[in-house]
Amino acid sequence: MAREQITEKQGETQKEQAFPSLERSRLFSVAPMLDWTDRHYRVFARQLSRHALLYTEMVTTGAIIHGKGDYLAYSEAEHPLALQLGGSNPADLAHCARLAEQRGYDEVNINVGCPSDRVQNGRFGACLMAEPQLVADCVKAMQDAVSIPVTVKSRIGIDDMDSYPFLVDFVSTISEAGCDTFIVHARKAWLSGLSPKENREIPQLDYPRVYQLKKDFPNLHIGINGGIKTLDEMQGHLEHVDSVMVGREAYQNPYLLAEVDAALYGMDTAMPSRRAVVEAMFPYIEAELAAGARLNHISRHMLGLFNGQTGGRRWRRYLSENAHKPGAGLEVMEEALALTEYRPE
């Protein structure tokens with residue numbers, strides 16, 4: 001996508017009202033991250049960006065169908081919101097997609113990128129790249145069941161199946177089943193010998209391969225993911241692909257999200273201060289504590305908010321040492337905030 005096109009689209013967004021359209025929000029998204037992008041994090045992220053598309057953690061079809069908890073719970077403030085599913089049974093995925101639509105999710109995404117052993121043992125995640133027809137069958141079943149978009153998140157390849165023709169065949173097979181949106185992590189996955197953490201760092205990033213995919217499939221929405229840390233990098237990628245997805249950086253340095261609405265969506269609203277972001281969370285925190293949640297389950301997602309700022313280390317330490325204590329409430333957040341403004345004599 002050329003910078004001129006980005007500017008033109010940014011101008012259009014000035015007309016948007018309560019929520020941007022899903023397609024426009026997809027320009028920038030926060031990656032689904034297990035144990036990180038839970039519903040508390042997503043409410044926090046929404047205080048920073050109104051436009052970013054947020055994803056749930058990957059939820060397995062088995063958990064939704066057979067689990068005792070409500071794995072589809074979320075807050076209305078999180079929209080636009082996509083549910084990421086893990087599974088390989090077309091009927092189960094279709095059933096869960098239908099439940100997601102009924103619950104009001106804006107999109108359902110199938111995980112074809114996670115390389116962990118536990119995921120492989122369940123026959124979903126990155127190992128499914130070796131079975132493109134099965135993924136196509138899953139997508140088709142899901143699309144037949146719902147009217148919301150069904151999308152795919154994958155790697156560029158797995159193990160020794162990492163040639164560009166392999167990736168083209170994978171995308172071709174699934175797009176023929178009706179999927180028109182692919183978010184591609186620009187690393188291949190090693191399914192044995194590397195941990196999930198190593199799979200996020202050791203395989204070489206190959207951004208040009210994802211760029212080429214967009215050239216060869218101009219009618220598909222091709223998003224890019226993997227190792228993206230700055231707004232300049234995002235703008236650079238958007239000259240070649242349709243969208244960017246950011247994972248660890250959006251979590252570890254969350255204030256990055258506060259810049260996204262102006263830089264990528266062209267919104268002229270002022271960036272919220274870090275203090276304002278924390279205070280905007282107070283009603284949610286109060287309601288969650290009253291419902292039985294523990295403060296540290298929410299505050300743990302906010303530890304990086306003051307990274308690089310005066311008092312940032314004191315903020316992290318105070319929350320880490322106090323938010324887990326029984327009965328910890330808003331006073332802990334207020335005291336931690338006060339420490340960010342403390343100036344030693």
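Which exposed residues sit on the face of α15 turned away from its buried side? They are Pro283 and Ala290. Keep in mind throughout that this is a predicted model.

## The chain at a glance

Let's step back to the whole chain before going further into that helix. Its secondary structure comes to 18 helices and eight strands. Of the 345 residues, 54% are buried. The accessible surface comes to about 14,900 Å², and carbon and sulfur atoms hold 49% of that area.

How about contacts along the sequence? If you take contacts with a separation of 6 or more, 74% of them join residues that are 24 or more positions apart.

## Helix α15 and its two faces

Back to α15, which spans residues 282-290. On the buried side you'll find Phe282, Tyr284, Ile285 and Glu288. Seen down the helix axis, these buried residues fall within an arc of 160°, so they line one face of α15. There's a familiar bit of helix geometry behind patterns like this: an α-helix has 3.6 residues a turn, so residues three or four places apart point the same way. Pro283 and Ala290 are the exposed pair on the face turned away from all that.

What do the buried residues of α15 pack against? Four helices: α3 (39-48), α14 (274-280), α16 (295-299) and α18 (330-340). Just after α15 comes Gly292, with a positive phi near 110°.

## Helix α18, a neighbor of α15

Helix α18 is one of the partners of α15, and its own buried residues are worth a look. These are Leu330, Val332, Met333, Ala336, Leu337 and Thr340. They cover an arc of only 155° around the axis, which puts them on the same side of α18.

The cover over the buried residues of α18 includes α14, α15, α16 and α17 (312-322). So α15 turns up here too, as part of what covers α18, while the buried residues of α15 pack against α18 in turn.

## Arg42 in helix α3

Another partner of α15 is α3, and that's where Arg42 has its place. Is this arginine buried or exposed? Arg42 is buried, with a relative accessible area of 3%, and the cut-off for buried is under 20%.

Leaving aside residues up to four places away in sequence, Arg42 touches Thr37, Leu54, Tyr55, Thr56, Glu57, Ala73, Tyr74, Glu78 and Leu81.

## Where α5 meets α7

Now for a helix pair. Two packed helices are described by the angle between their axes and the distance between the axes. For α5 and α7 (residues 132-145), the axes come within 8 Å and cross at roughly 35°. The crossing is right-handed. From α5, the contact uses Pro90, Leu93, Ala94, Ala97, Arg98 and Glu101. From α7, it uses Leu134, Asp137, Cys138, Ala141, Met142 and Ala145. Sorted by class, the contact has nine nonpolar residues, three charged ones and no polar ones.

His95 also has its place in α5. At a relative accessible area of 34%, His95 is partly exposed. The C-alpha atoms of His95 and Ala145 are separated by 7.5 Å, although the two residues are 50 apart along the chain. Ala145 is also one of the α7 residues in the contact with α5.

## Leu99, further along α5

Helix α5 runs over residues 90-103, and Leu99 lies in it. With 24% relative accessibility, Leu99 counts as partly exposed. What does Leu99 touch, not counting residues up to four places away in sequence? Ile64 and Leu72.

There's a C-alpha distance to go with this: Leu99 and Ile65 are 34 residues apart along the chain, and their C-alpha atoms are separated by 9.8 Å.

## Backbone details in the loops

A few loop residues deserve a closer look at their backbone. The peptide bond from His79 to Pro80 is cis, with omega near 0°. Pro80 is in the loop between α4 (61-66) and β3 (81-86).

Then there are residues other than glycine with a positive phi. Asp35 has phi near 75° and is found in the loop between β1 (28-30) and α3. Asp159 has phi near 45°, and its place is the loop between β5 (150-155) and α8 (164-176).

Note on methods: Residues are numbered from 1 along each chain as its sequence is written. This is a predicted model: local features need pLDDT of at least 70, side-chain atom pairs count only at pLDDT 80 or more; totals for chains, interfaces and linings use all residues. Side-chain values use heavy atoms; hydrogens and water are left out. Buried means under 20% relative accessible area, exposed over 50%, partly exposed in between (1.4 Å probe, protein chains only). Contact means heavy atoms within 4.5 Å. Accessible areas come from the Shrake-Rupley method with a 1.4 Å probe; for residues, only the protein chains shown count as cover. The arc is that of the directions from the helix axis to the C-beta atoms. Axes are lines fitted to C-alpha atoms, for helices over the stretch in contact, and angles run from 0 to 180 degrees between N-to-C directions. A crossing is left-handed if the near helix is turned anticlockwise from the far one by less than a right angle, and right-handed if clockwise. Ala, Val, Leu, Ile, Met, Phe, Trp, Tyr, Cys and Pro count as nonpolar, Asp, Glu, Lys and Arg as charged, and the others, Gly among them, as polar.
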